[in-house]
Amino acid sequence: MSATAEEGEGGGNNGPYLAIDPPIVVNLVNPGSPRFMQVKVQVMSHDPKVLAAIKGNMPPIRDALIMLLSAQTADAMYDVQNREKVRQQALDAIRKVLEQVAGIKSDGQHGVEALYFTDFIIQ
């Protein structure tokens, strides 16, 4: 096995990225007809211990993301600036969970460095 393949081992993550699987599906706040949102999320950290802590604490992380995303409206999520704000709130939520349950503090260069919405569907 090559060194590159070995670095990517551990749950199928590639380098510093880890997918929050399965995708998050929530009901959006929408007066009238029900609206649903599905979001695929990936987090980035160059610290393997942080990635392991994320994997080991997936239930509270998913809960924090579901609570945040289900409080949004469809109209708000169509707005790119608001979606960026929610992305930052999701990153902060994961950082808070990891600090509470694993004692891991993030400052942007250490811990959880970034969060990405890699697929985003509203219907």
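**Aromatic rings, a buried strand residue and a two-sided helix**

The structure holds two aromatic pairs. In one of them, the ring centres of Phe117 and Phe120 are 5.6 Å apart and the planes meet at 45 degrees, so this pair counts as tilted. Two numbers are quoted here because a pair of aromatic rings is described by the distance of the centres and the angle of the planes. As with everything below, these values come from a predicted model.

Phe120 has a second partner as well. The charged end of Arg83 sits over the ring of Phe120, at 5.0 Å from the ring centre. Is Phe120 buried, exposed or something in between? With a relative accessibility of 23%, Phe120 counts as partly exposed, since the buried class takes in residues under 20%.

Now for the overall layout. The protein chain has five helices and three strands, and reading along the sequence gives the order α-β-β-α-α-α-α-β. The chain runs to 123 residues, and 38% of them are buried. Its accessible surface adds up to about 7100 Å², with carbon and sulfur atoms accounting for 52% of that. Contacts across the sequence are worth a look too: taking those between residues at least 6 apart in sequence, 70% link residues at least 24 apart.

Val39 gives a good example of such sequence-distant partners. This residue belongs to strand β2, which covers residues 35–44. Its relative accessibility is 1%, so Val39 counts as buried. Which residues does Val39 touch, once neighbours within four places in sequence are set aside? The answer is Pro23, Ile24, Leu69, Phe117, Asp119 and Phe120. Both rings of the tilted pair, Phe117 and Phe120, therefore belong to residues in contact with Val39. For Phe117, the C-alpha atom is 6.5 Å from that of Val39, although 78 residues separate the two along the chain.

Strand β1, spanning residues 17–28, has a quirk of its own at Pro22. The peptide bond that leads from Asp21 into Pro22 is cis, with omega near -5 degrees.

Helix α2 runs over residues 48–56, and its buried residues are Val50, Leu51, Ala53 and Ile54. Looking down the axis of α2, these buried residues fit within an arc of 160 degrees, so they line one face of the helix. What do they pack against? Their partners are strands β1 and β2 together with helices α3 (58–70) and α5 (80–102). Turned away from this buried side is a face that carries the exposed residues Pro48, Lys49 and Gly56.

Two of those exposed residues can be followed a little further. Lys49 has a relative accessibility of 66% and so counts as exposed. Its C-alpha atom is 9.3 Å from that of Ile104, a residue 55 positions away in sequence. Gly56, also part of α2, counts as exposed because its relative accessibility is 59%. The C-alpha atoms of Gly56 and Ala102 are 9.4 Å apart, with these positions 46 residues apart in sequence terms. Lys49 also plays a part in how the helix begins: Asp47 caps the N-terminal end of α2, placing a side-chain oxygen 2.8 Å from the backbone nitrogen of Lys49.

The loop between α3 and α4 (74–78) is the last stop, starting with Gln72. Is Gln72 buried or exposed? Its relative accessible area is 12%, so Gln72 falls in the buried class. Apart from neighbours within four places in sequence, Gln72 is in contact with Leu28, Val29, Met77, Asn82 and Val86.

Thr73 lies in that loop too. Its relative accessible area is 30%, which means that Thr73 is partly exposed. Leaving out neighbours within four places, Thr73 is in contact with Leu28 and Val29, and these two residues also turn up among the contacts of Gln72. The side chain of Thr73 has a polar atom 3.0 Å from the backbone nitrogen of Ala76. Thr73 and Phe36 sit 37 residues apart in sequence, and the distance between their C-alpha atoms is 9.8 Å.

Conventions: Residues numbered from 1 in each chain as written. Predicted model: local features only at pLDDT ≥ 70, side-chain atom pairs only at ≥ 80, totals over all residues. Heavy atoms only, no water. Phe/Tyr/Trp six-rings, centres within 6.5 Å; stacked < 30°, edge-to-face > 60°. Buried < 20%, exposed > 50% of the residue type's maximum accessible area, 1.4 Å probe, protein only. Lys NZ or Arg CZ within 6 Å of the ring centre and 35° of its normal. Helix = DSSP H or I, 4+ residues; strand = E, 2+ residues; numbered from the N terminus. Contact = heavy atoms within 4.5 Å. Areas by Shrake-Rupley, 256 points an atom, 1.4 Å probe, with all protein chains shown as cover. Arc of directions from axis to C-beta. Polar contact = N/O pair within 3.5 Å; in protein donor to acceptor, adjacent residues only side chain to side chain.
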